[in-house]
Amino acid sequence: MFLTIDTEDRRPIYQQVAEGIRALIARGELKEGASLPPVRQLAADLGVNLNTIAVAYRELQSEGLLAVKHGSGAVVASRTTSEHSDDELRRPLRSALTQLVLAGLPKAKILGMVSDELRALMKGAKS
């Protein structure tokens, strides 16, 4: 599992970790049933507090992406989160697009960025 922390990123570290794991699951690099490193190990590998990793794992567990069993660790529960409504799924997309529009980017540039990110995310993922 390959995760990195960007110290220049304004998002909290736990969000960066959770997003990194989500991306690995979405790309199929972490398949259903795959074990994740123990909280202590991942925290040591990334040089962060173990509570930071625990928060990320709990967030992913609440989304249904991880199953966490104390003493057994965390495993990928599912690659999909179908129990969310379209509106719930669009909300973060809408927020990201709003930020790009407010930054003054033209529509063509935004569409290009979205296309590039989707292509990178889907690379290796089963359609």
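Which residues have the most contacts inside the largest nonpolar core? The views below, taken from a predicted model, begin with that core and then turn to the strands.

**View 1. The largest nonpolar core and the elements that supply it.** This core has 20 residues, and those with the most contacts inside it are Val 17, Ile 21, Leu 36, Ile 53 and Tyr 57. At least two core residues come from each of α1 (13–26), α2 (39–46), α3 (50–62) and β2, with α1 giving the most, namely 5 residues. In soluble globular proteins, nonpolar side chains tend to be buried together.

**View 2. The surroundings of Val 17.** When residues up to four places away in sequence are not counted, Val 17 touches Leu 3 and Ile 5, Leu 42 and Leu 46, and also Ile 53 and Ala 56.

**View 3. The hairpin of β1 and β2.** Strand β1 (residues 66–69) pairs with strand β2 (residues 73–76) in the antiparallel sense, over 4 bridges. Within this pairing Val 68 of the hairpin stands opposite Ala 74 in β2, while Leu 66 has Val 76 in β2 as its bridge partner. The two strands are joined with 3 residues between them, and in the turn Gly 71 has a positive phi of about 90 degrees.

**View 4. The two faces of β2.** Ala 74 and Val 76 make up the covered face of this strand, whereas Gly 73 and Val 75 belong to the uncovered one. In a regular strand the side chains alternate between the two faces of the sheet.

Key: Residues numbered from 1 in each chain as written. Predicted model: local features only at pLDDT ≥ 70, side-chain atom pairs only at ≥ 80, totals over all residues. Heavy atoms only, no water. Pairing = 2+ DSSP bridges. Core = buried A, V, L, I, M, F, W, Y, C linked by side-chain atoms within 4.5 Å. Buried < 20%, exposed > 50% of the residue type's maximum accessible area, 1.4 Å probe, protein only. Contact = heavy atoms within 4.5 Å.
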